[in-house]
Amino acid sequence: MVLEDHEMPNGWPLGLGNLNMRLRVTESLHPAETEPHPLHTPSSSCSSFSSSNLDTEKSKTHAFPGGVCPSVGVGGHFIGAGYGNLMRKHGLSVDNIIDAQLVDVNGKILNRKSMGEDHFWAIRGGGASFGVILSWKIKLVSVPEVVTFFLVKKLIKQGATTSITDLVYRWQQVADTLPQDIFIRLEMSVEKNESIQFQFFGQYLGQPHTLLSIMNQQFPELGLQQKDCIKSSWIETTLYWDNKPKGTSLGNLLYRMPNQSFSFKVKSDYVITPISKAVLEELWRKMIKMGMGMIMQWNPYGGRMNQISESETPFPHRSGYKFLIQYWYYTQDNSKVELLRKLYDFMAPHVSKLPREAFLNYRDLDIGTNQNGANSSIFGAKYFKGNFERLVRVKTKVDPDNFFRNEQSIPPLPK
Ligand SMILES: Cc1cc2nc3c(=O)[nH]c(=O)nc-3n(C[C@H](O)[C@H](O)[C@H](O)COP(=O)(O)OP(=O)(O)OC[C@H]3O[C@@H](n4cnc5c(N)ncnc54)[C@H](O)[C@@H]3O)c2cc1C
């Protein structure tokens with residue numbers, strides 16, 4: 001459906017509270033243990049998975065670095081190297097997978113040992129080209145019993161943007177260098193009356209007073225105060241990331257039906273050097289012209305992401321990236337989608353180049369599709385950089401007739 005001007009989707013893009021799978025922490029887990037714990041979870045395209053899918057009745061100190069949005073399915077999320085707000089501390093979902101069961105092109109059920117390390121490498125970020133995943137074995141990570149969530153909002157009108165521009169410029173400098181226990185997502189959404197709402201959603205794996213002390217030293221410009229902070233268990237923060245108010249019952253995570261469905265177009269970019277203040281000001285102007293429905297999310301990298309090599313998994317955007325941009329435009333009007341493409345063109349000089357990189361899970365057919373394999377290296381380099389060739393080699397070995405395919409799947413080498 002198309003959004004009316006006054007109809008911003010409540011909770012989006014943070015999520016719909018749409019959940020249909022829970023993982024139960026087994027009796028053997030002990031909260032005091034620091035080693036990660038293996039856990040099996042079934043996988044299908046309709047099984048939801050986010051950070052909120054763990055049943056924490058048994059433990060408040062175990063978590064999984066899944067996605068932010070409870071509506072995200074485990075199948076697509078994992079094979080596309082999904083990320084969430086534990087990324088700066090524990091890496092991506094795929095960095096915490098230790099085994100999987102899949103059905104290969106011959107109908108055989110394989111696990112890590114029987115599929116071999118190349119095939120296992122490819123399914124952790126290489127997309128939907130290598131078989132149907134039946135289950136994943138994941139390792140849980142340790143989190144403190146008490147963590148802190150915060151939200152700082154600033155509503156800025158056209159012509160009065162200097163202070164927010166300074167703040168966003170500063171965010172670009174610090175968000176990837178803060179201690180890795182801190183994750184601050186910046187979301188900008190165009191509102192009524194030519195204004196943009198800037199929201200700094202944050203999570204700290206520790207107590208509010210320690211967070212405030214760090215922020216006062218390293219990012220005082222945000223003006224974070226005690227009243228902005230909510231102290232809770234990690235599982236409760238998953239509700240706040242989904243825009244649910246304090247006091248919402250955890251049972252709400254099991255509510256699966258979306259109130260409405262929406263059409264939107266998504267694109268992505270990676271930023272390596274901070275975008276200048278002049279360009280930011282121009283960006284705000286362009287967003288305001290696009291009107292309500294235009295949203296950007298900036299997700300900081302750094303921390304653990306800097307420590308994992310580009311070739312460890314098919315996901316290559318690791319060290320040296322400041323943040324990932326997600327562009328969302330809620331529309332099904334093609335002329336409006338053109339505006340988003342123009343905004344993307346405007347951003348070209350200010351983001352990664354040669355190739356201009358993109359995130360596989362923010363699928364964007366504009367950057368190229370398979371035409372008998374002819375164009376695959378173009379989108380392949382953007383999503384996978386140097387890992388694309390290895391993915392093609394694995395594909396040629398495990399699915400030489402290209403049974404598992406879509407517009408942007410990995411093609412096998414010609415016979
Ligand atoms: C509201 C919203 C919020 C999001 N938030 C995040 C986020 O916080 N972090 C993040 O990383 N991403 C996020 N995403 C992107 C998300 O990770 C991708 O859209 C992902 O592809 C969703 O997976 P799915 O299984 O739900 O989707 P589907 O559309 O069902 O599947 C996507 C692809 O995976 C394939 N696939 C699905 N299941 C399997 C399986 N079992 N075996 C083999 N192939 C399979 C499908 O064939 C398809 O090609 C978000 C998306 C939305 C809409």
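Seven strands of this predicted model form an open sheet in the order S12-S9-S11-S10-S14-S15-S13, with antiparallel pairing. The edges of the sheet are strand S12 (229–232) and strand S13 (264–271), each of which pairs on one side only. Direction ignored, neighbouring strands of this sheet are turned by 15° against each other on average.

**Pairing and packing on the sheet**

- Strands S13 and S15 pair in the antiparallel sense over eight bridges, and Lys-267 has Tyr-327 in S15 as its bridge partner.
- Helix H6 (residues 208–218) packs on the sheet, where it touches strand S9 (147–157), strand S10 (182–191), strand S11 (195–204) and S12, and the direction of H6 makes about 145° with that of S12.
- Helix H7 (residues 234–241) lies across S9, S11 and S12, and runs at about 15° to S9.
- As general background, strands of a sheet pair through backbone hydrogen bonds, in either a parallel or an antiparallel manner.

**The nonpolar core**

- The largest nonpolar core has 96 residues, and those with the most contacts inside it are Ile-123, Leu-186, Ile-196 and Met-287.
- Strand S15 (residues 323–330) contributes the largest share of this core, namely seven residues.
- When residues up to four places away in sequence are not counted, Ile-196 touches Ile-156, Met-188, Ser-189, Val-190, Glu-191, Trp-284, Met-287 and Ile-288.
- In soluble globular proteins, nonpolar side chains tend to be buried together.

**Helix H11 and its cover**

- Helix H11 (residues 387–398) has twelve residues and reaches 17 Å from its first C-alpha to its last, which is close to the 16 Å expected at 1.5 Å a residue.
- The buried residues of H11 are Asn-387, Phe-388, Leu-391, Val-392, Val-394, Lys-395 and Val-398; because they cover an arc of only 165° around the axis, they lie on the same side of H11.
- An α-helix has 3.6 residues a turn, so residues three or four places apart point the same way.
- The buried residues of H11 are covered by elements including helix H4 (117–123) and helix H10 (376–384).

**The chain as a whole**

- The secondary structure of the protein chain comes to eleven helices and 15 strands, and buried residues make up 47% of its 415 residues.
- Of the contacts in the protein chain between residues at least 6 apart in sequence, 76% join residues that are at least 24 apart.

How values were computed: Residues numbered from 1 in each chain as written. Predicted model: local features only at pLDDT ≥ 70, side-chain atom pairs only at ≥ 80, totals over all residues. Helix = DSSP H or I, 4+ residues; strand = E, 2+ residues; numbered from the N terminus. Buried ≥ 20, exposed ≤ 12 C-beta atoms within 10 Å, placed from the backbone. Contact = placed C-beta atoms within 7 Å. Expected span 1.5 Å × (residues − 1). Arc of directions from axis to C-beta. Core = buried A, V, L, I, M, F, W, Y, C linked by C-beta atoms within 7 Å. Pairing = 2+ DSSP bridges. Axes fitted to C-alpha atoms, helices over the stretch in contact; angles between N-to-C directions.
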